[in-house]
Amino acid sequence: MNRPEREAAARRIMERTPPRVPPGLHADAVRRGGRILRRRTRTRRLLWLLLVAGVLAFTVWALTVRPWVEPPSETTPPLTGW
């Protein structure tokens with residue numbers, strides 16, 4: 001199929017009347033879209049809650065364990081009495 005034939009076929013398709021939309025399609029689409037938006041909002045809130053809980057748990061752990069403090073040496077006894 002060469003270019004003029006493709007253009008003619010495209011024009012024929014565009015000149016046809018558009019197909020009729022079923023009567024309940026709009027209401028179904030609105031209902032489904034609302035449901036999808038509510039699900040997305042719920043999922044986003046749950047993920048934020050999990051993130052905050054993780055940050056809070058990490059902060060409590062870090063303040064309790066103090067991983068940045070060097071542990072005391074257990075191999076050499078302290079030098080006293082010199």
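Q: A salt bridge is a side-chain nitrogen of Lys or Arg within 4 Å of a carboxyl oxygen of Asp or Glu. What makes Asp-28 and Arg-31 a salt bridge?
A: The N-to-O distance between their side chains is 2.8 Å, and the cut-off is 4 Å, so the pair counts. Both residues sit in helix 2, 3 residues apart, about one turn of the helix.

Q: What kind of model is this?
A: It's a predicted model, where local features need pLDDT of at least 70 and side-chain atom pairs need 80 or more, while totals for chains, interfaces and linings use all residues. Residues are numbered from 1 along each chain as its sequence is written, and side-chain values use heavy atoms, with hydrogens and water left out.

Q: Why is Asp-28 called partly exposed?
A: Its relative accessible area is 39%. Buried means under 20% and exposed over 50%, with partly exposed in between (1.4 Å probe, protein chains only), so Asp-28 lands in the middle class.

Q: How many salt bridges does the rule give?
A: The count comes to 2. Besides Asp-28 with Arg-31, there's Arg-3 with Glu-7, whose closest N and O atoms are 3.0 Å apart. Arg-3 and Glu-7 both belong to helix 1 (residues 3-15), 4 residues apart, again about one turn.

Q: Are Arg-3 and Glu-7 exposed or partly exposed?
A: Arg-3 has a relative accessible area of 57%, so it is exposed. Glu-7, at 34%, is partly exposed.

Q: What makes Leu-50 count as exposed?
A: Its relative accessibility is 53%, and it's part of helix 2 (residues 25-65). Leu-50 also joins Leu-46, Leu-47 and Leu-49 in a nonpolar surface patch of about 420 Å². For such a patch, residues need over 30% relative accessible area and no salt bridge, and nonpolar side chains (Val, Leu, Ile, Met, Phe, Trp, Tyr) are joined within 5 Å.

Q: How do you know that the protein is more spread out than a compact globule?
A: The chain holds 2 helices and 0 strands (DSSP runs of H or I, at least four residues, and of E, at least two). Its radius of gyration is 34 Å, well over the 12 Å that the globule rule gives for 82 residues, so it is more spread out than a compact globule. That radius is taken over C-alpha atoms, and the rule is 2.2 Å times the number of residues to the power 0.38. The C-alpha trace spans about 105 × 40 × 10 Å along its principal axes.

Q: What share of the residues is buried?
A: Buried residues make up 2% of the 82.

Conventions: Patch = residues over 30% accessible without salt bridge, like charges linked within 9 Å, V, L, I, M, F, W, Y side chains within 5 Å. Areas by Shrake-Rupley, 256 points an atom, 1.4 Å probe, with all protein chains shown as cover.
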